[in-house]
Amino acid sequence: MAQITFEEISASDFFYRNRDIAGFTNPTRAIFAAIRELVENSLDAAESIKVPPDIYVRLSFEGEASQETQIYKLRVEDNGCGIPPRHIPSAFGQVLYGSKYKLKQQRGTFGLGGKMAILYGQITTHQPATIISSTSPSSKIYMYKLMIDIQRNRPIILDRKVFLNKEGWRGTVVEFSLEGDYLRAMPKILEYFKQTAMVNPYANITFVDPKGRLYKFVRATTIMPDPPKETLPHPYGVDVELLQRLIQITPYNNMLEFLKNHFHRVGEITANKFLEFSGISPSKNPKKLSHEEIVKLMQMLKKFKEFLPPDASCLSPLGEELLKTGVLKELKPEFVAVHQRKPATYAGHPFIVEVAIAYGGEIPQRGGFVIYRFANRIPLLYDEASDVSVKVINAVNWRRYKVSPDMPIAIVVHICSTKVPYKTVGKEFIADRPEVRREIANGLREVARQLQRFLTRREHVDRERKRLGVFGKYLPKIAEFSTKLAGREKPPDIEKLLRSVRRFGAEGV
Amino acid sequence: MEPKEFKSITERRKEVLATLENFGLRIYEQMEKGFFPFIEMPSRSTENIYYDPRFRQFILGDKKVRRSTRNIRHLKPFAQLVWTALFSYELTSQRKTSTLRDVYYSAQAYEMTFKDQQESNNIITDLETILGFSREDFNIFPEERSAVFGDLTIRYTVPGYEGKTLNLTSHPDGVMIGPALTSAEFVETTADKVIAIEKGGLFTRFIEENVHKKFNALLVLTAGQAPRATRHFIRRLNRELGLPVYIFTDGDPWGMHIAMVIISGSANAAHLRDLTTPDAKWSGVWATDIVKYKLPTDPLDEIDMKRLYELQKDPRYKEDPLWQREIKTFMKIKRKAEQEAFSRYGLTYIVDEYLPAKLEETK
């Protein structure tokens, strides 16, 4: 009889074996994903202390790895909150360690973005990562050189140094080597920076590429959106696992208090109504619930119709002003209309849709709309065709708004949510949920109407300008020719005629 | 035919210049008074074209069109019209001539582009309609050319040739009816008739066979449909010299109509006078000649027949029973014959036999 061995694998090991999940599919995607994860961490770090982000990214060539891939050194610096020294090894050397497991809108949600990048760097180059960080206010700067023990999911500290923080620097620097294919990844990376700058118009982002080319995205404002608040889980959104965890940690020993204190928008009255509805005694100790009872509880939570919808304080949309600023800054259109929808929910998760439509200016005319998709202020660059936004955009009857795809038009769709309904683990496109679809469609209709008004007005102004142009061109000629023909010296005064033309309905010119 | 006549051409030029100047002044004054200048002219649309038996030609009715510079769609044509008037004025006063094609290109120097030749031709026709002069009076000539041959002495009025005379027998190919000849004065002639011929081949044959001497005639080559300058020239021969005009064309509906346009004018020129010769005669080739002289023929095709039906209803063809008789005969025999068809009886048959017979018949 063959021996079957069961072995436990660590989280690091799991992701090492399944790195596709986190986007490190191939050398091209890997280098893009590494930059992206670290930049997003940096943005979060700065926003968490309400400081406009200053991010510096440098990718430098280290040597050839194979015929198609090279070794690069990636360095990302920020002015964010910094990491307390005791957390640095775990924060960067232990997968699934982090602060991103509470319920509020976050850029990443795996909690492994940066770590995955470092892990990927380690398995492709066997080099340690360097982390330098200082929190504010701190008189010291800490530097760690570390690697990840993949099988045990533990950081291995190779070196640790402490410097005096004479200039009061605050932030984090991450530097490590990785294998990748920059030339192939370049278009996506540059597009990523441009779009990131669009939805983070309050950030300075600098990128130096391996050829030494400098790309600078300068902030257009220092106003930042309100940071999201943490919230409790909404009853419609829980699953058995979450319930069990809550039961484990709860200090309360009856169901009434348990419901009141661990769930979003559940108060005394709602809790009592629910307990009556589900036939659970208010005094029952949650820790005494059997497994079957927990499953039933979850089912009843989903069935109960009277829970209030989640509020959106846990969300941090960009806001119409900032979205407009970002679009104007990066796309330089002639016209932009933005609209933020009221908060909505799907399956117990609140979400807000923001849309913008931009026309003319530097937007290219290429026989189709240029579509920019964002989720929680992250640009989505892959699998555009499968995204719900694209489906909605294609379903809109644009002709009603005097809009056609051969116009120079860009459309921006931003969805923020505590749980963005991604279709796949790759997190590149958003699933077609009816609630989401409806919000996007309504948002698009609103901005399309604004664009229509703009186009109509401009058409009118154009027509008027053309009309005046015709008068301005031919009346003087008629005057000139008739003067010569009549043998007169001085041409007739046509200013009065031209003025009267202008008076007849020339508003807006 | 004395100096008095010589003056009349000069007078006419003065009249043209004054009319153009007046036209400019009218617009100038409208603008000066703070009005958007406008003009009115008879409409040239088909429903405003009538046949007038008194003049024996088409004329324009009472319907007017108004072109106002207040209307944005009229602005450009209006400017083009005033420019054309100015251009005509300069041509006429400097005694230079120009072609329709020239006008189209000259406009570009004034940043007055015409979309195409058709547009500039239309504007010139507008100017003709408004001022009642034909473009030849403004020294604008079409590209077409026809010729004249015979004992007529003319005196040029064009710059550089003023006062010089020429006898129209001096060149055996005939003299081109161009701007210089059109504006020339008639001095003297021994001819007592005009024979207009549709085709160049026959015109040359007639000169070679001394038709001008034998029949005491001036020969005019219309070269197909007679250009307006030629129609005006024939009218002058008829009116000023009192010469009867006989027209010889191919024996088909198209040839018949060439004769008709010389006699009664065209609908396109309904806004103009002095282009018709109502007393001119169509002397052949008739449909009845085809039968009588047993000429070699071709069948009338569908387009020929269609044209015959149109002509049958045309008011110009109801003036003289001859036309209706010939149209019916064409329809009956369904054949047509060219002027050259007489060559089956020998090269000189047409001159020796046919021509004298027809001149006598249509006298």
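Setting aside neighbours within four places in sequence, V392(A) touches R437(A), I440(A), A441(A) and L444(A). This is a predicted model, so take what follows as a quick tour of that spot, a kinked helix, some strand pairing and the contact between chains A and B.

**Around V392(A)**
- V392(A) sits in helix α11 of chain A, which covers residues 388-395.
- Is V392(A) buried or exposed? It counts as buried because 22 other C-beta atoms lie within 10 Å, and the cut-off for that label is 20 or more.
- One of its contacts, L444(A), is 52 residues away along the chain, yet the two C-alpha atoms are separated by just 8.7 Å.

**Helix α5(A)**
- Helix α5 of chain A takes in 18 residues, 182-199.
- At 1.5 Å a residue, α5(A) should span 26 Å, and its end C-alpha atoms are 24 Å apart, so the two figures agree.
- There's a kink in α5(A) all the same: about 30°, centred on K188(A).
- Which residues of α5(A) are buried? They are Y182(A), A185(A), I189(A), F193(A), Q195(A), T196(A), A197(A), M198(A) and V199(A).

**Strands around β1(A)**
- Strand β1 of chain A (residues 54-64) has pairings with both β7(A) and β2(A).
- With β7(A), residues 204-208, the pairing is parallel and runs over five bridges; I55(A) has I205(A) as its bridge partner there.
- With β2(A), residues 70-78, the pairing is antiparallel, and eight bridges hold the two strands together. Here Y56(A) is matched with E77(A).
- How many residues does the hairpin between β1(A) and β2(A) go through? Five residues make the link.
- As a rule, side chains in a regular strand alternate between the two faces of the sheet.

**Where chain A meets chain B**
- Chain A puts 20 residues into the contact, and chain B puts in 24.
- On the chain A side, α12 (434-486) and α13 (495-503) each supply at least two residues.
- The largest share of that side comes from α12(A), with 14 residues.
- By type, the chain A side of the contact splits into 12 nonpolar, three polar and five charged residues.

Key. Residues numbered from 1 in each chain as written. Chains lettered and ligands numbered in written order. Predicted model: local features only at pLDDT ≥ 70, side-chain atom pairs only at ≥ 80, totals over all residues. Helix = DSSP H or I, 4+ residues; strand = E, 2+ residues; numbered from the N terminus. Expected span 1.5 Å × (residues − 1). Bend = angle between axes of the 7 residues up to and from the residue. Buried ≥ 20, exposed ≤ 12 C-beta atoms within 10 Å, placed from the backbone. Contact = placed C-beta atoms within 7 Å. Nonpolar A, V, L, I, M, F, W, Y, C, P; charged D, E, K, R; others polar. Pairing = 2+ DSSP bridges.
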